[in-house]
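Trainee: Could you take me through the reasoning behind a few helix labels? I would like to see how each one is reached.

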Amino acid sequence: MKGTYVRTAECLDHLAPYLFAQIDKKRDALVEQGVDVISLGIGDPDLPTPDHIVDAMVDAVRKPENHRYPDYEGSLAYRTACADWMRCRFGVEVDPKTEVLALIGSKEGIAHLHTAFVDPGDYVLAPSIGYPVYSGGATLMSAQTYFMPMREGDGFLADFDSVPEDVLAKAKIMFLGYPNNPTGAVATGEYFDRAIAFCLEHDLLLAHDNAYSEIGFDGYRAPSILERPRARECCIEFFSLSKAYNMTGWRIAFAAGNAKAIAALGTVKNNLDSGQFTAIQDAAIVALTGSQQCIDDMCAIYERRRDLIVDALRAIGVECEKPRATIYVWAKVPHGYTSESFATELLERAHVIVTPGSGYGPDGEGYIRISLTTPDERLLEAVRRIKGIADLS
Ligand SMILES: *Cc1c(COP(=O)(O)O)cnc(C)c1O
């Protein structure tokens with residue numbers, strides 16, 4: 001722009017606007033009046049990182065050899081622990097040297113995947129209800145996003161068959177993520193097989209975001225897409241310790257799968273960062289290789305909270321299914337409301353914050369997302385307040 005001394009990149013102007021500004025403003029006004037507002041908006045675990053992991057970090061941070069630059073691609077010990085975990089958890093064999101890459105959180109890896117795979121004008125295919133980084137990363141590379149439809153009737157499985165030919169000709173990556181944030185939907189092996197066949201046919205990288213692999217209910221355990229035949233030919237999968245071990249603040253994750261994709265992402269990262277603190281990787285090894293009892297305990301807590309919230313929503317006439325995975329309840333807004341107006345209604349009448357589904361993409365309109373990461377006593381208070389609203393239907 002003329003007349004200014006600082007000119008930012010054009011792609012920054014194309015990033016999606018922050019959709020929750022209106023609701024944030026209302027919340028701030030209520031808080032200013034002294035109202036006690038409960039947030040069920042943020043997907044960030046309230047439970048602490050398990051003690052044995054914290055203890056490992058304390059030991060690791062005292063080791064002088066950890067104070068130097070880390071290995072770019074992650075320590076071989078960390079990558080080996082990731083590979084061992086993949087074998088134990090999914091029965092999937094990956095080579096720690098060529099098929100595993102340490103990440104500074106999976107958000108970082110997902111965002112940088114675009115740098116490795118898309119040029120300006122290319123397309124990425126993203127679910128029309130999903131993690132905003134799939135499209136945001138494309139925008140930052142001056143690439144386009146095509147949103148694959150997601151419908152409740154199809155179990156919120158993104159419809160890639162309807163992507164137009166001209167888009168496919170320019171598409172490089174297809175993003176999927178199941179168990180899904182925000183819908184809580186889970187995928188079947190048959191769906192993964194169709195997605196893999198589609199990506200092989202159209203020469204696409206299939207990037208599968210498995211951030212919620214460890215959070216399942218009623219006996220459900222999420223699969224890895226790498227369990228499927230031929231997945232290794234076109235898939236990269238993102239795993240994160242953030243939600244699995246209550247480690248969102250630590251910034252540690254990994255990618256596994258197709259060796260060419262892992263190498264390309266590694267090359268981008270070589271040029272941008274210098275890896276994650278080795279002490280954090282050492283603690284993450286303990287998380288992945290130690291007792292997994294903490295995961296069962298965590299899932300039991302979320303499962304109980306899920307039942308409480310679903311019960312409260314149904315009591316006021318809001319339709320919702322009990323998700324089999326993730327830390328979210330995805331609920332249809334009652335007739336006559338939009339995502340935003342219903343979120344506003346809950347804020348004004350119950351002083352409870354939920355996230356409007358419209359913030360997750362075009363097909364998110366008509367839904368709200370409720371996060372289960374609020375301490376029990378606050379969640380119970382929110383449930384009491386929601387039930388206190390007269391039946392809305
Ligand atoms: C939380 C989340 C991530 C990011 O996890 P980090 O490893 O903490 O960066 C990635 N994908 C989805 C869908 C998430 O909800």
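Mentor: Happy to; what follows is a short talk about helices in this predicted model.

Trainee: Why are α12 and α14 called roughly parallel?

Mentor: Helix α12 (residues 293-315) and helix α14 (residues 376-388) pack at about 15°, with axes 8 Å apart. Angles under 35 degrees count as roughly parallel, so α12 and α14 get that name. The crossing of α12 past α14 is left-handed.

Trainee: What makes up the contact of α12 with α14, by class?

Mentor: Ten residues are nonpolar, none polar and five charged. Among them are Leu308 and Arg304 of α12, and Val383 and Asp376 of α14.

Trainee: And why are α5 and α6 called oblique?

Mentor: Helix α5 (residues 106-117) meets helix α6 (residues 133-140) at about 40°, and their axes are 8 Å apart. That angle is not under 35 degrees, nor within 65 to 115, nor over 145, so α5 and α6 are oblique to each other. Here the crossing is right-handed.

Trainee: How do you know that α11 is largely enclosed?

Mentor: Buried means under 20% relative accessible area. Nine of the twelve residues of α11 are buried, so the rest of the structure largely encloses this helix. Ile280, Ala284 and Leu288 are among the buried ones, and the cover includes α3, α4, β2 and α9.

Trainee: How do you know that the span of α11 agrees with its twelve residues?

Mentor: At 1.5 Å a residue, α11 (residues 278-289) should span 16 Å, and its end C-alpha atoms are 16 Å apart, so the two agree.

Note on methods. Residues are numbered from 1 along each chain as its sequence is written. This is a predicted model: local features need pLDDT of at least 70, side-chain atom pairs count only at pLDDT 80 or more; totals for chains, interfaces and linings use all residues. Side-chain values use heavy atoms; hydrogens and water are left out. Axes are lines fitted to C-alpha atoms, for helices over the stretch in contact, and angles run from 0 to 180 degrees between N-to-C directions. Helices (H or I, at least four residues) and strands (E, at least two) are DSSP runs, numbered from the N terminus. A crossing is left-handed if the near helix is turned anticlockwise from the far one by less than a right angle, and right-handed if clockwise. The expected span of a helix is 1.5 Å times one less than its number of residues. Buried means under 20% relative accessible area, exposed over 50%, partly exposed in between (1.4 Å probe, protein chains only). Contact means heavy atoms within 4.5 Å. Ala, Val, Leu, Ile, Met, Phe, Trp, Tyr, Cys and Pro count as nonpolar, Asp, Glu, Lys and Arg as charged, and the others, Gly among them, as polar.
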